[in-house]
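Here's a quick tour for anyone meeting this structure for the first time. Have a look at the model, then go through the notes below.

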Amino acid sequence: MGEHSNRSVAIVGSGPGGIYAAQALLEKAPGCRIDIIDKLPTPYGLVRGGVAPDHQHTKRVDRKYAETMEHESVRLVGNLALGRDISLDQLTEIYDAVVLAYGAPWDNKLGIPGEDKKGVFGSNAFVGWYNCHPDFRDLTPDLDVEGVAVIGIGNVAIDVARVLSRTPGEMAPTDIADYAIQSIDASPIKDIYMFGRRGPVEAAFTNTELKEMGVLEAATTVVDSAVIPADLPESMDDREKKVRTRILDTLRALSTAKAGEKRRTVHIEFYAMPVEILGGDRVEGIRMERTKVEEGRCIGTGETFDIPCGMVVSCIGSRAEPIEGVPFNDRWGIAENDNGRVKPGVYAVGWLKRGASGTIGTNRLDSYDVIDLVLADFGDDPKSGPAALDAFAREHKLRVTNYDDWMTLKSLEENAVADPTPRQKISRVEDMLAALDSA
Ligand SMILES: Cc1cc2nc3c(=O)[nH]c(=O)nc-3n(C[C@H](O)[C@H](O)[C@H](O)COP(=O)(O)OP(=O)(O)OC[C@H]3O[C@@H](n4cnc5c(N)ncnc54)[C@H](O)[C@@H]3O)c2cc1C
């Protein structure tokens, strides 16, 4: 028992932001009881449902997260959604502090005509589909198309283009949904176009992800060598120059490949922004406008071109869900907050606090800083904590799940497949609950 054993904190969301907040509390407020609430019975947010299935090394951060979850002061309260099953007011009555960490899973809109046609998806939905996320499991995109346009040239866009290019053999050591790999393999996709508004110097992808595009078994990645600059701007600092030089070298290596050499071709197209999605009910093509970058600003040139495609995946960031009681900054799509303070006793961390940017690690420092504020703000009278949440769940007949339930689901998923496949995820909440009933 530590000096904070009469304190309790609810963390809403078990992704990186929430888990690092719990780690910070364990370090800085020993004894404090921590309930990590998640709307799903399965923890770890985008580490499970967003990070690409063929990046199992990245997903392995969940082993470290398990150590936090298994601490005696921590409970996982799954299948309990803020705003659906319990309100923020109800949580603030029960806990000394509520740390909101429910992420930013709503795709930003492109804001162009034709966006509502069948075959247009946001990256969260599309990535969630191939990653078995219950919210997107039934998206069932029609992949009976020859061309795909991916809007954006960050790492998420590369993930989408790469996963669409992988063979079942390459995907065997991953936990991609079986329905997704079957549908990707059966698809007649020939061309995947990745469009970025700006040029190679500004592109948001990292070199490691870009390099992977050069070694795909059944896909060639091409880029026009004419757009790769010979020099970097003088004003760029040395560290950035080093990073950018590597990216330009990789692009130069990719530019020697020829479209059509393998089953699929990924075209990296710089200086192009979407202006209209073409077709009838369904997407049949996309109209792009050439851009140029002047004094750091990206502007349209008025010159347009059309690309035939039957699917569009926009990878242009995402926003948080507005939830009753949580002040919302509509412009940025985040919880209104002052360095993490949302309102008395309520805090935000992770993507809900900062918006959808940065890596898993970015959330760590941030959550630690916010927990300092939580501890500084604790009131004089400790609240009742976890026992009151249990009473609330009983009273409202809520079927909440716990860490042991997650362990049961985890072993069911792992035992459903053989090496080298790590697991076959259960993709519907009702199936998870049924599996727990019969385990
Ligand atoms: C497609 C994609 C790929 C990525 N790949 C990488 C990568 O390879 N490497 C890397 O470093 N970073 C990667 N990232 C970034 C990384 O995933 C994020 O930085 C991180 O997940 C943000 O953490 P978070 O806790 O704020 O949100 P999330 O991870 O989204 O977690 C939010 C949690 O809240 C829960 N929740 C949502 N609503 C409610 C509610 N109403 N009530 C209760 N619980 C709720 C969700 O179920 C979820 O568990 C990727 C992101 C995306 C979108």
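Let's start with strand 2 (residues 33-37), which pairs with strand 3 in the parallel sense over 4 bridges. Within that pairing, Ile-34 sits opposite Val-74 of strand 3. Keep in mind that this is a predicted model.

**The mixed sheet**

- Strands 2 and 3 belong to an open sheet of 6 strands, ordered 3-2-1-4-19-18, with mixed pairing.
- Strand 3 (74-77) and strand 18 (341-343) are the edge strands; each has a single partner, so one side of each has no neighbour in the sheet.
- Going from one strand to the next, the twist averages 25 degrees.
- As a bit of background, strands in a sheet pair through backbone hydrogen bonds, and they can do that parallel or antiparallel.

**Two alanines to look up**

- Ala-10 is part of strand 1 (residues 8-12).
- Is Ala-10 buried or exposed? Ala-10 is buried, because 27 other C-beta atoms lie within 10 Å, and 20 or more is what it takes to count as buried.
- Ala-22 comes 12 residues away from Ala-10 in sequence, and their C-alpha atoms are 9.3 Å apart in space.
- Ala-101 isn't in a strand: look for it in the loop between strand 4 (97-100) and strand 5 (106-107).
- Ala-101 counts as buried too, because it has 30 C-beta neighbours inside 10 Å.
- How far apart are Ala-101 and Arg-354 in sequence and in space? They're separated by 253 residues along the chain, yet their C-alpha atoms are 11 Å apart.

**The parallel sheet**

- There's also an open sheet of 6 strands in the order 6-14-7-8-10-9, and here the pairing is parallel.
- Strand 6 and strand 9 (219-223) take the edges, each with a single partner strand, so one side of each is left without a neighbour in the sheet.
- Ignoring direction, neighbouring strands in this sheet are turned by 20 degrees against each other on average.
- Strand 6 (residues 120-122) runs parallel to strand 14 and is joined to it by 3 bridges, with Gly-122 having Ser-314 as its bridge partner in strand 14.
- Strand 7 (residues 147-151) pairs with strand 14 as well, in the parallel sense over 4 bridges; here Ala-149 has Val-312 as its bridge partner.
- In a regular strand, side chains alternate between the two faces of the sheet.
- Strand 14 (residues 311-314) is covered on both faces: Met-311 and Val-313 are buried on one side, and Val-312 and Ser-314 are buried on the other.

**A hairpin**

- Strand 11 and strand 12 make a hairpin, with 3 residues between them.
- The two run antiparallel, and 7 bridges join strand 11 (residues 272-279) to strand 12 (residues 283-294).
- One of the pairs to look for is Glu-276 with its bridge partner in strand 12, Arg-287.

**Around the ligand**

- Which residues come nearest to the ligand? Of the 35 residues around it, the nearest are Gly-13, Gly-15, Gly-45, Gly-103 and Gly-350.
- Several helices give two or more residues to this shell: helix 1 (16-28), helix 2 (45-49), helix 6 (123-130), helix 7 (155-165) and helix 12 (350-354).
- The shell's residues split into 16 nonpolar, 16 polar and 3 charged.
- Both domain 1 (8-105 + 320-438) and domain 2 (107-317) supply at least three residues to the shell around the ligand.

**The chain overall**

- Counting up the secondary structure gives 16 helices and 19 strands.
- Taken along the principal axes, the C-alpha atoms fill a box of roughly 65 × 55 × 40 Å.
- The chain has a radius of gyration of 23 Å, which agrees with the value near 22 Å for a compact globule of 439 residues.
- Of the 439 residues, 45% count as buried.

Technical notes: Residues are numbered from 1 along each chain as its sequence is written. This is a predicted model: local features need pLDDT of at least 70, side-chain atom pairs count only at pLDDT 80 or more; totals for chains, interfaces and linings use all residues. Two strands pair if DSSP finds at least two bridges between them. Axes are lines fitted to C-alpha atoms, for helices over the stretch in contact, and angles run from 0 to 180 degrees between N-to-C directions. A residue is near a molecule or strand if its C-beta atom, placed from the backbone, lies within 6 Å of it. Ala, Val, Leu, Ile, Met, Phe, Trp, Tyr, Cys and Pro count as nonpolar, Asp, Glu, Lys and Arg as charged, and the others, Gly among them, as polar. Domain bounds come from an automatic or database domain assignment. The radius of gyration is taken over C-alpha atoms; the globule rule is 2.2 Å times the number of residues to the power 0.38. A residue is buried if 20 or more other C-beta atoms lie within 10 Å of its own, exposed if 12 or fewer, and partly exposed in between; C-beta atoms are placed from the backbone.
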